[in-house]
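Morning, everyone. Please have a look at the model first, then I'll walk you through it.

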Amino acid sequence: EIVDLLSDARAVASGDDSQKIRIRENVKEGGFYLEGIACREIASPVDLLSVLREGQRKQTTLETTANECSSRSHSIFQITVECKRASEKKARVGKLLLVDLAGSESNKGSITAVEQTQEGLRQKQSIGINRALTILGTTVSQLKKGDPHVNYRDSALTMLLKDCLGGNARALLIAQVIPEAAHEE
């Protein structure tokens, strides 16, 4: 499910289906978007960092054996920049997505004392995290092979990243890797 980390409303907690965020396809311009999410106008880098921190504070985390404060979901922070010169009638629009992918993890033997009461939730989150990462990997492989049909609809994550994965998009990956033998599978 999708949660807006910049919204004050928590539709998920209230159980109100009419308030749930839905993914919609932009048929005219291509790609997908989220209907009903909070958007903020930013005037400075300080404002941008403030909004980013606000969302980060609301992100769900839980202690695991690998990390005291493990992110339990993927997060996407979209920055849309509009630029219009006085001599131009139409604004130029650019989009930057900052994507924090929660780490893949094994469900076997990674329970701490703190997690014992939340084991079911942690395992459900872990399955969702791993599923989305697997689908993202499959999508990237299809794009790399030049497959004529890439199914972005298998995951909310791949739908939202569609216009950033192909076409004129540029991507940069920064990975944090734990190089300990205990984390090898």
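I'll take the hairpin, then the salt bridges, then the core.

This is a predicted model: local features need pLDDT of at least 70, side-chain atom pairs count only at pLDDT 80 or more, and totals for chains, interfaces and linings use all residues. Residues are numbered from 1 along each chain as its sequence is written, and side-chain values use heavy atoms, without hydrogens and water.

Hairpin. Strands β1 (residues 22-25) and β2 (residues 32-35) run antiparallel, joined by four bridges. Strands here are DSSP E runs of at least two residues, helices H or I runs of at least four, numbered from the N terminus; strands pair on at least two DSSP bridges. Isoleucine 23 has leucine 34 as its bridge partner in β2. Six residues separate the strands, and glycine 30 in the turn has a positive phi of about 85°.

Salt bridges. There are six, each a side-chain nitrogen of Lys or Arg within 4 Å of a carboxyl oxygen of Asp or Glu. Arginine 24 pairs with glutamate 35, closest N and O atoms 3.3 Å apart. Arginine 24 is in β1 and glutamate 35 in β2, so this pair ties together parts 11 residues apart in sequence.

Now a network: Arg40, Glu54 and Lys58. Glutamate 54 meets arginine 40 at 2.9 Å, N to O, and lysine 58 at 3.6 Å.

Core. Which residues make up the largest nonpolar core? Five: Leu97, Ala132, Leu136, Leu157 and Leu161. Helices α3 (119-145) and α4 (156-165) each supply at least two of them. Such a core is a set of buried (under 20% relative accessible area, 1.4 Å probe, protein chains only) Ala, Val, Leu, Ile, Met, Phe, Trp, Tyr and Cys residues joined through side-chain atoms within 4.5 Å.

Notes: Buried means under 20% relative accessible area, exposed over 50%, partly exposed in between (1.4 Å probe, protein chains only).
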